[in-house]
Amino acid sequence: MNGLPVIIAGGGIGGLAAALGLARKGVASIVLERANELGEIGAGIQIGPNAFHCFDYLGVGDEARAKAVYIDSLRLMDAVDGGPIATIPLDDHFRRRFGNPYAVVHRADLHGVLLDACRASDLIELRVSHDVTRYAQNGDSVRAFSDDRDPIDGSALIAADGLRSVLRQQMVGDGEPRVSGHTTYRSVIPTEQMPEALRWNAATLWAGPKCHIVHYPLKGWKLFNLVVTCHNDVTEAVAGKPVSKDEVRQGFEHIAPRVRQIIEHGDDWKLWVLCDRDPILDWVDGRVALLGDAAHPMLQYFAQGACMAMEDAVCLSHVVEQHRGDIETALDRYQRVRRVRTARVQLDSRLIGDYIYHPAGAIAEVRNQIMSTLGPQEWYDRLAWLYGGTGLEA
Ligand SMILES: Cc1cc2nc3c(=O)[nH]c(=O)nc-3n(C[C@H](O)[C@H](O)[C@H](O)COP(=O)(O)OP(=O)(O)OC[C@H]3O[C@@H](n4cnc5c(N)ncnc54)[C@H](O)[C@@H]3O)c2cc1C
């Protein structure tokens, strides 16, 4: 390291986690966020046991645990006949197996926990309204440019600038993200608005042909998170557009009325067209590294994008400490440790979208038959590669 701080472009979950991880190793950073304020959208997020390991490593374990809702199970339901397919218990056996719980949390709460910890650190400077547009580097440092600000020099630049990362474009140049053709609608409602019969303490997934619905409680059970997704082959990327309930209803005519009815309970629906990218091998250019969605954007079907961003932050801070004084070697090590695991989540997320979330006919029947016969231990064994991870080298 050359005495300069690390520059982090992007103050989302990944960028803040990276700043915190580096601070724990005594490394100063400046987080540059494009938006006028630091925050997250009003929706829920699922957090696997691997994310709880990250919270502890980043020094915010207690604060994150206090915000979470501890659900009893992950439930997979058939949206066509309305019956159960599979249940994965998240009880003490699960916790013992993975050393941590599985939970759900409001995004703003999760982001807030990281933000509070960043604000409390003398080693982290947070700057908003700062749009990073490109970088340049010489052998000793890297310079981050923006159109209306003085350039900033750092010992390294971490590009945590999300799905549409401009820094990735400079480094990798692989164009726009892949539009999946899957449209997701989100709504967060007061718990009283959720039908009593569906107020389950579970992350519930109703899987139907080319569509699915997810719901779970949030904020100490005051709210319910609804996520409704339709594989309608749209070709244009959209993020956070308000839409009418009528629009959300389209594409769900073929599922059981009791399941379709869930849409009626939502308000203020917003639309996202889901995008991802193919995995790549190189996310590092000298003193510049991609992190989180900038590096490995994925469909949300494993509910792991933010978890992977936090694992990246853990790994990054670990290798920076290991290779103190040699940032380029540290960043190279970081991508070598992270790339296969994150690529697997990217690719498997697509697969489970096709074969578990959205199949019809024979494929749906195969899914139901195989998944309904698995017991808890078999589920845990199948998920061990994912939930047993920590971000650190095995
Ligand atoms: C419908 C849906 C459900 C999901 N559910 C889950 C889930 O249950 N569990 C889970 O783990 N993950 C989930 N994810 C994925 C998760 O939301 C993302 O993977 C995660 O938020 C990525 O964090 P990030 O910090 O890498 O990027 P982002 O959250 O996109 O943050 C990037 C930040 O960089 C800023 N920025 C952008 N460009 C610049 C620039 N040029 N200069 C400065 N700042 C810039 C942005 O304003 C933003 O603040 C879901 C995603 C979707 C779409």
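**Exercise 1. Find what joins the side chains of aspartate 348 and arginine 344, and place both residues in the fold.**

*Solution.* Start with the contact. Aspartate 348 and arginine 344 form a salt bridge, with N and O 3.7 Å apart; the term stands for a side-chain nitrogen of Lys or Arg within 4 Å of a carboxyl oxygen of Asp or Glu. Before going on, note that this is a predicted model, in which local features need pLDDT of at least 70, side-chain atom pairs count only at pLDDT 80 or more, and totals for chains, interfaces and linings use all residues. Residues are numbered from 1 along each chain as its sequence is written, and side-chain values use heavy atoms, with hydrogens and water left out.

Next, the location. Both residues sit in helix α10 (residues 327–357), four residues apart, about one turn of the helix. Helices here are DSSP runs of H or I with at least four residues, strands are runs of E with at least two, and numbering starts at the N terminus. An α-helix has 3.6 residues a turn, so residues three or four places apart point the same way.

Last, the surroundings. Aspartate 348 is buried at 19% relative accessibility, while arginine 344 is partly exposed at 38%. Buried means under 20% relative accessible area, exposed over 50%, and partly exposed in between (1.4 Å probe, protein chains only).

**Exercise 2. Work out which parts of the chain are linked by the salt bridge between aspartate 78 and arginine 367.**

*Solution.* The closest N and O atoms of aspartate 78 and arginine 367 are 3.9 Å apart. Aspartate 78 belongs to strand β4 (residues 73–78) and arginine 367 to helix α11 (residues 361–372), so the pair links distant parts of the chain, 289 residues apart. Now check the burial: aspartate 78 is buried at 9% relative accessibility, and arginine 367 is buried too, at 4%.

**Exercise 3. Decide whether arginine 164 and glutamate 176 are buried, partly exposed or exposed.**

*Solution.* These two residues also form a salt bridge, their closest N and O atoms being 3.9 Å apart. Arginine 164 is in the loop between β11 (156–159) and α6 (166–171), and glutamate 176 is in the loop between α6 and β12, so the pair ties together parts twelve residues apart in sequence. With a relative accessible area of 40%, arginine 164 is partly exposed; glutamate 176, at 64%, is exposed. For the wider picture, the whole structure has 24 salt bridges.

**Exercise 4. Describe how the protein surrounds the ligand.**

*Solution.* Count the shell: 27 residues surround the ligand, and the closest are Gly14, Glu33, Gln46, Arg107 and Asp293. A residue is near the ligand if one of its heavy atoms lies within 4 Å of it.

Then look at the polar contacts, pairs of N or O atoms within 3.5 Å. A polar side-chain atom of aspartate 293 is 2.8 Å from a ligand oxygen, and one of aspartate 131 is 3.0 Å from a ligand nitrogen. Arginine 34 uses a polar backbone atom, 3.1 Å from a ligand nitrogen. The protein covers 86% of the 1,000 Å² of accessible area that the ligand has on its own, computed by the Shrake-Rupley method with a 1.4 Å probe.

Finally, see which elements contribute. α1 (13–24), β3 (44–47), β12 (178–190) and α9 (305–322) each supply at least two shell residues, and α9 gives the most, with three.

How values were computed
A polar contact is a pair of N or O atoms within 3.5 Å; within protein, one must be able to donate a hydrogen and the other to accept it, and residues adjacent in sequence count only if both atoms are side-chain atoms.
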